[in-house]
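Please provide a report on the protein chain shown here. The account should cover its overall make-up, one of its sheets, several individual residues and its salt bridges.

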Amino acid sequence: MEKIGLFQGKKYLPVGLAAALLFAAFAAPLSSQISVTSPSSREDIKACADYADEVLLDRWDMNERTDLGWRIYNTYELPLSYLTNITFSNGLFSARSERVPGWPEPITSDVNITILDSAYPNAVVIGKTGTKYPINADKYTILVMRMYLEPAVEGKIYGQSYLYWSKNTIYGGQTASNPFFARDGWHIYFIDIPSLGIIMGSDPWNGWVDSLRLDPIAIHDKEIRIDWIRLVTNDLSTRKTIRWSGASGNVDLYLDNDASRSNGNLGTIAKNVSGTSYSFLAGGLGSGDYYVAVAPAGANPATSSVYSSGYYHINDIPVIQLTKPSEEGSDVDFATLAFSDPWDMANPEDVEYTVNVRSSNFRSITYEDLTGQTYSNQSVF
């Protein structure tokens with residue numbers, strides 16, 4: 001069969017390779033003309049005050065299962081999460097969107113990810129809930145997160161994402177924001193919640209908020225990953241302006257933790273940007289170093305991006321937590337101190353008397369706690 005392609009000496013190049021070379025021939029000059037003029041050196045930036053740092057004393061860094069609300073596992077109580085294959089591994093939350101039975105295309109799922117759980121009315125106020133740890137919505141107004149959405153199939157778009165919150169638990173009513181756009185692949189979102197406005201409910205983002213939920217996509221069987229979430233103050237002193245020159249059209253902006261395009265990047269912060277500058281809340285980022293990469297809009301950043309010579313260095317915020325006594329009190333145990341025999345269910349003396357209990361016994365089991373840690377051969381009654 002005759003091959004169609006460009007003639008090169010005595011060889012024909014396959015048409016796919018020929019097309020790639022043609023694209024490269026035209027794309028290379030476009031990117032080579034771009035120059036990132038700011039940041040041009042290291043710029044030290046304080047991190048914005050963050051709700052999880054200051055109130056929970058536990059960052060939403062996806063290092064443990066309790067970094068998101070327990071309702072992500074909800075398969076029986078409305079609203080269902082429509083999440084499957086949930087894992088927390090290597091500092092990443094990942095899951096797949098599940099189809100809502102009977103829902104037709106194009107909206108086939110109702111994925112919702114609880115960031116801060118609502119408490120139950122009239123229940124004991126314990127655990128990581130908004131009733132115990134309310135959000136000061138007048139102070140913390142910008143939601144920043146690094147999230148990955150598996151690319152949609154051709155002809156479909158993710159479309160719109162929403163935030164939900166409440167002020168009197170979710171059982172007293174929820175408010176939904178106007179939508180913001182979901183992005184394929186890794187993207188670092190900067191969401192000014194008050195500026196979104198509301199599409200449902202009656203409670204604007206102000207005062208005290210006692211739950212927070214993210215609805216990222218409406219398509220089933222797509223992978224979702226979250227690296228970190230921050231809910232921060234809009235500290236204008238930490239806003240920075242990226243500047244570039246030489247672009248012949250619009251550009252896509254990326255952040256990276258090094259100056260190499262060969263090993264990927266952290267994700268986009270803005271796409272199809274016109275002009276020669278872009279301002280963003282750099283202090284909303286997590287601690288670390290961030291280089292800027294600029295590429296022609298729609299171009300492959302692995303081959304077409306140009307990096308800044310300088311970078312933003314976001315300082316870490318120390319999180320101080322009392323470990324002794326803990327939130328649950330002292331670690332001095334009454335039974336151990338008084339009887340030299342803790343109530344560890346290791347022997348019949350640990351349960352002195354029972355009423356209306358049948359078939360009681362002491363045995364060993366293996367169980368897992370809320371953070372995913374496994375305990376083997378534990379004595380129980």
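The report below proceeds from the chain as a whole to single residues and then to charged pairs.

**Overall make-up**

The structure is a predicted model. Its protein chain contains five helices and 26 strands. Of the 381 residues in the protein chain, 40% are buried. The protein chain exposes about 20,700 Å², and carbon and sulfur atoms supply 53% of that area. Among contacts in the protein chain with a separation of 6 or more, 69% join residues 24 or more positions apart.

**An open sheet of three strands**

Strands of a sheet pair through backbone hydrogen bonds, either parallel or antiparallel. Here, three strands form an open sheet in the order 3-18-21, and the pairing is antiparallel. Strand 3 (35-38) and strand 21 (277-281) are the edge strands, each of them paired on one side only. From one strand to the next, the twist averages 25 degrees.

The pairing of strand 3 with strand 18 (residues 239-245) is antiparallel and runs over three bridges. Within strand 18, R243 is the bridge partner of S38.

**Residues in strands 5, 6 and 7**

S94 belongs to strand 6, which spans residues 92-97. S94 has a relative accessible area of 15% and is therefore buried, the cut-off being under 20%. Its side chain makes a polar contact with the side chain of T87 at 2.6 Å. Apart from residues up to four places away in sequence, S94 touches N85, I86 and T87, and also E223, I224 and R225.

One of these contacts, I86, lies in strand 5 (residues 83-89). When neighbours within four places in sequence are left aside, I86 is in contact with I72, Y73, F93, S94 and A95. The C-alpha atoms of I86 and S97 are separated by 9.9 Å, and these two residues are 11 residues apart along the chain.

T114 is located in strand 7 (residues 113-116). With a relative accessible area of 6%, T114 is buried. Residues up to four places away in sequence not being counted, T114 touches L68, G69, R71, I72, L212 and R213. I72 thus appears among the contacts of T114 and among those of I86.

**Salt bridges**

How many salt bridges does a search of the whole structure find? The search finds 15. Three of the pairs are set out below.

| Pair | Closest N to O distance | Sequence separation |
|---|---|---|
| K46 and D235 | 3.3 Å | 189 residues |
| R65 and E368 | 3.0 Å | 303 residues |
| R96 and E150 | 3.0 Å | 54 residues |

The side chains of K46 and D235 meet in a salt bridge. This pair links distant parts of the chain: K46 is in the loop between strand 4 (42-45) and helix 2 (51-56), while D235 is in the loop between strand 17 (223-232) and strand 18. K46 is partly exposed, with a relative accessible area of 48%, whereas D235 is buried at 18%.

R65 and E368 also form a salt bridge. Distant parts of the chain are again linked, with R65 in the loop between helix 2 and strand 5 and E368 in strand 25 (residues 363-368). R65 is partly exposed, its relative accessible area being 25%. E368 likewise counts as partly exposed, at 45% relative accessibility.

The salt bridge between R96 and E150 connects strand 6, which holds R96, to the loop between strand 9 (142-149) and strand 10 (160-166), which holds E150. R96 has a relative accessible area of 22% and is partly exposed. E150 is partly exposed as well, with a relative accessible area of 21%. Strand 6 thus contains R96 as well as S94, described above.

Beyond these pairs, which residues are linked in a network of salt bridges? The network consists of D53, R59, R230 and D316.

Definitions and conventions. Residues are numbered from 1 along each chain as its sequence is written. This is a predicted model: local features need pLDDT of at least 70, side-chain atom pairs count only at pLDDT 80 or more; totals for chains, interfaces and linings use all residues. Side-chain values use heavy atoms; hydrogens and water are left out. Helices (H or I, at least four residues) and strands (E, at least two) are DSSP runs, numbered from the N terminus. Buried means under 20% relative accessible area, exposed over 50%, partly exposed in between (1.4 Å probe, protein chains only). Contact means heavy atoms within 4.5 Å. Accessible areas come from the Shrake-Rupley method with a 1.4 Å probe; for residues, only the protein chains shown count as cover. Two strands pair if DSSP finds at least two bridges between them. Axes are lines fitted to C-alpha atoms, for helices over the stretch in contact, and angles run from 0 to 180 degrees between N-to-C directions. A polar contact is a pair of N or O atoms within 3.5 Å; within protein, one must be able to donate a hydrogen and the other to accept it, and residues adjacent in sequence count only if both atoms are side-chain atoms. A salt bridge is a side-chain nitrogen of Lys or Arg within 4 Å of a carboxyl oxygen of Asp or Glu.
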